[in-house]
Amino acid sequence: MTTEDQRQEYRLETQLIVFLEVGDENTSEPVIVISRSLDISANGLRIITDRELNPGSILRSCIQNKDATQQFTLITEVKWLQPWQNPNEYLVGLALFESEDSNIVEWKEFIASECKLD
């Protein structure tokens with residue numbers, strides 16, 4: 001079964017800027033990885049990044065639109081990773097966690113409003 005077959009919800013092909021807080025093996029300080037979304041849904045998103053991420057990793061993420069008028073802090077889990085179109089480029093599947101210290105409710109409202117516009 002492919003990741004395409006596993007989808008159970010509507011996805012929007014929207015490019016948003018995604019900032020991931022990733023642990024660095026060499027220091028105790030987190031590193032911010034900047035990537036972009038390929039598509040988004042209420043419970044997850046696919047991103048393209050230049051860093052190999054470990055499936056199962058829980059990452060704090062900040063997602064914003066291109067003009068930075070909307071921003072969402074979310075807790076994500078790396079579900080899968082595969083090589084993308086260029087060397088050192090990866091397609092990553094992220095699942096979203098329901099978390100009190102995140103903007104998950106606002107994110108779901110954003111997705112619902114975007115679906116109405118399509």
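**Exercise 1.** Find how strand β3 and β6 pair in this predicted model, and over how many bridges.

Solution.
1. Strand β3 covers residues 44-49.
2. Its pairing with β6 is antiparallel and has six bridges.
3. One residue pair to look for is L45 with its bridge partner L94 in β6.

**Exercise 2.** Trace the pairing onward from β6 to β5 and from β5 to β4, then place the strands in the barrel.

Solution.
1. β5 and β6 run antiparallel and are joined by seven bridges.
2. P83 stands opposite Y90 in β6.
3. Six residues separate β5 and β6, which form a hairpin. In its turn, N88 has a positive phi of about 60°.
4. On to β4: strand β4 (residues 58-64) and strand β5 (residues 71-83) are antiparallel, with seven bridges between them. Here C62 has T73 of β5 as its bridge partner.
5. The barrel is closed by six strands in the order β1-β2-β3-β6-β5-β4, with antiparallel pairing. On average, neighbouring strands of this sheet are turned by 45° against each other, direction ignored.

**Exercise 3.** Decide why β6 is described as largely enclosed by the rest of the structure.

Solution.
1. A residue is buried if its relative accessible area is under 20%.
2. Of the seven residues of β6, six are buried.
3. The strand is therefore largely enclosed by the rest of the structure.

**Exercise 4.** Work through the salt bridges and state whether the residues named are buried, partly exposed or exposed.

Solution.
1. Side chains of opposite charge can pair when their charged atoms come close. The cut-off is 4 Å between a side-chain nitrogen of Lys or Arg and a carboxyl oxygen of Asp or Glu. The count is four salt bridges.
2. Take D39 and R46: their closest N and O atoms are 2.8 Å apart. Both R46 and D39 are buried. R11 joins D39 and R46 in a network of salt bridges.
3. Take E77 and K79: the N to O distance is 3.7 Å. E77 counts as buried because its relative accessibility is 18%. K79 has a relative accessible area of 47%, so K79 is partly exposed.
4. Take E98 and K108: the closest N and O atoms are 2.8 Å apart. E98 lies in the loop between β6 (90-96) and α2 (104-117), and K108 lies in helix α2, so this pair ties together parts 10 residues apart in sequence. At 60% relative accessibility, E98 is exposed, whereas K108, at 28%, is partly exposed.

Note on methods. Residues numbered from 1 in each chain as written. Predicted model: local features only at pLDDT ≥ 70, side-chain atom pairs only at ≥ 80, totals over all residues. Heavy atoms only, no water. Pairing = 2+ DSSP bridges. Helix = DSSP H or I, 4+ residues; strand = E, 2+ residues; numbered from the N terminus. Axes fitted to C-alpha atoms, helices over the stretch in contact; angles between N-to-C directions. Buried < 20%, exposed > 50% of the residue type's maximum accessible area, 1.4 Å probe, protein only.
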